[in-house]
Amino acid sequence: MIVNLFHVTVPADRAQAFESSWSQRAGLVDAMPGFLGMDVLRDGNQPGHYIVLTRWATRADFDAWANSPQFIAGHRRSASGETGAAPMALEFYEVVPSTPTHPSATP
Ligand code: HEM
């Protein structure tokens, strides 16, 4: 499994719009092969900094989505620049096998 971290910064006056756009996201990524889930993280120390975290079975699965029509369609609104979001960095990590999380710890 891999985790992909997309860092993005948003001006203070657009943060609300950026956050609410996620509750209306296209949902196209959810059906992509190898997609295992995602979270949007608000930085507790640095206002306006967010991380879009996605989990995938393999890096090839991520690359296929990133080059797909579903990626473009899922960014139709954000591509217009209306959220004022600026991309910062794209990171990839491989998940090291460890003892499973206790079921009661998962939301
Ligand atoms: C200029 C670059 C980008 C900006 C400003 C941006 C911003 C956004 C925003 C605001 C949304 C919510 C839906 C919408 O309003 O369109 C969205 C959807 C999404 N973004 Fe990005 N994004 C960018 C690139 C990326 C990259 C590089 C990744 C991952 C590596 C990523 C991952 C996602 C995912 C997984 C969704 C959900 C799509 C769906 O539901 O099908 N985004 N993005």
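1. A friendly start with the central pair: strands β1 (residues 2–9) and β3 (residues 49–56) run antiparallel to each other and are joined over eight bridges. Here strands are DSSP runs of E with at least two residues, and helices are runs of H or I with at least four, both numbered from the N terminus; two strands pair if DSSP finds at least two bridges between them. Within this pair, Asn-4 is opposite Thr-54 of β3.

2. A word on the basis: this is a predicted model, in which local features need pLDDT of at least 70 and side-chain atom pairs count only at pLDDT 80 or more, while totals for chains, interfaces and linings use all residues. Residues are numbered from 1 along each chain as its sequence is written.

3. The open sheet has four strands in the order β2-β3-β1-β4, with antiparallel pairing. Because β2 (35–42) and β4 (86–94) are at the edges with a single partner strand each, one side of each has no neighbour in the sheet.

4. Now to Trp-56, which lies in β3. Trp-56 counts as buried because 24 other C-beta atoms lie within 10 Å; the cut-offs are 20 or more for buried, 12 or fewer for exposed and partly exposed in between, with C-beta atoms placed from the backbone. The C-alpha atoms of Trp-56 and Phe-35 are 4.7 Å apart, although 21 residues separate the two along the chain.

5. Lastly, the ligand: 22 residues surround it, and the closest are Ser-21, Arg-25, Gly-74, Ser-78 and Ala-85. A residue is near if its C-beta atom, placed from the backbone, lies within 6 Å. Elements giving two or more residues to this shell are β1, α1 (15–22), β3, α4 (76–79) and β4.
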